[in-house]
Amino acid sequence: MASNDPEFETKAADIIGLYMNPPQHAAVFCVDEKTAIQALDRLDPVLPLSPGRAERHGFEYYRHGTLSLYAALNVKTGAVEGKTAERHTSAEFVAFLTELLGKARWAREIHIVLDNLSAHKTQAVEHFLADNPKVRLHFTPTYSSWLNQVEIWFAKIERDVIARGVFTSVADLRRKLMRYIRAYAQRARPLRWNYTDPKRRISAKRITGTVH
């Protein structure tokens, strides 16, 4: 979507700069949540595509509950740190940041790219930042979560696990999500952001439609 953020270009340049030229001795993570993932136990199996016939699946299912997935994509390696939670709250978000901080103790600075969700701007988050001054948050411009690299990874896990998945319980959903994250780490590669024309600037006026 076209961004109406008056600081779009400044914020976009800040985030892209982290991708293309990160500070020395710093860790850069793209963080977001995929909320309310449904543990659907489909009554009929998915029938794969075959010559002349599209993939088919039934529309009847049993809903066991929902789960939220917190994910942090390491910009340097492409690997993802993940954590599931039954509830999507600011406290869970801070707990995830705390775990992430523990896994990047080596870094002199920790830069985190994230969107403008209200759970990311609570008093609990402010207290976390005050207690951990080496952590800095970089918020994407309004309607510009596509600048967050972890959204690309969320699209992958949606295609690979969630969209066609059969989950017998919330625990089964959690197990399969975390198994995918562990397997993905074995073949993770960093995303490469390049300009086709370095002379052109990203401008909100040039953005139309939906960016994938």
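Helix α1 (residues 8-20) lies across β1, β4 and β5 in this predicted model. Its direction is at about 125 degrees to β5. Helix α5 (residues 170-185) lies across another set of strands, namely β1, β2 and β3. The angle between α5 and β2 is about 30 degrees. Strand β1 is thus named in both packings, under α1 and under α5.

The strands that these helices cross belong to an open sheet of five strands. Their order is β3-β2-β1-β4-β5, with mixed pairing. The edge positions are held by β3 (80-85) and β5 (135-139). Each has a single partner strand, so one side of each lacks a neighbour in the sheet. From one strand to the next, the twist averages 25 degrees.

Strand β1 pairs with β2 and with β4. Strands of a sheet pair through backbone hydrogen bonds, in either a parallel or an antiparallel sense. Eleven bridges link β1 to strand β2 (residues 61-74), and this pairing is antiparallel. Within it, Glu33 has Tyr70 of β2 as its bridge partner. The pairing of β1 with β4 is parallel and has five bridges. Here Ala26 is matched with Glu109 of β4. Strand β1 spans residues 26-42, and twelve of its 17 residues are buried. It is therefore largely enclosed by the rest of the structure.

Glu33 also takes part in a side-chain interaction. Its side chain makes a polar contact of 2.8 Å with the side chain of His120. His120 sits in the loop between β4 (109-114) and α3 (123-131). With a relative accessibility of 1%, His120 counts as buried, because the limit for burial is under 20%. Several residues beyond four places in sequence are in contact with His120. Among them are Asp32, Glu33, Phe93 and Leu114. Asp115, Val125, Leu137 and Phe139 are also in contact with this histidine.

Over its whole length, the protein chain has five helices and five strands. Along the sequence they follow the pattern α-β-β-β-α-β-α-β-α-α. The chain has 212 residues, and buried residues make up 40% of them. Among contacts with a separation of 6 or more, 73% join residues 24 or more positions apart. The accessible surface comes to about 12,600 Å². Carbon and sulfur atoms account for 51% of this surface.

Conventions
Residues are numbered from 1 along each chain as its sequence is written. This is a predicted model: local features need pLDDT of at least 70, side-chain atom pairs count only at pLDDT 80 or more; totals for chains, interfaces and linings use all residues. Side-chain values use heavy atoms; hydrogens and water are left out. Helices (H or I, at least four residues) and strands (E, at least two) are DSSP runs, numbered from the N terminus. Buried means under 20% relative accessible area, exposed over 50%, partly exposed in between (1.4 Å probe, protein chains only). A polar contact is a pair of N or O atoms within 3.5 Å; within protein, one must be able to donate a hydrogen and the other to accept it, and residues adjacent in sequence count only if both atoms are side-chain atoms. Contact means heavy atoms within 4.5 Å. Two strands pair if DSSP finds at least two bridges between them. Accessible areas come from the Shrake-Rupley method with a 1.4 Å probe; for residues, only the protein chains shown count as cover. Axes are lines fitted to C-alpha atoms, for helices over the stretch in contact, and angles run from 0 to 180 degrees between N-to-C directions.
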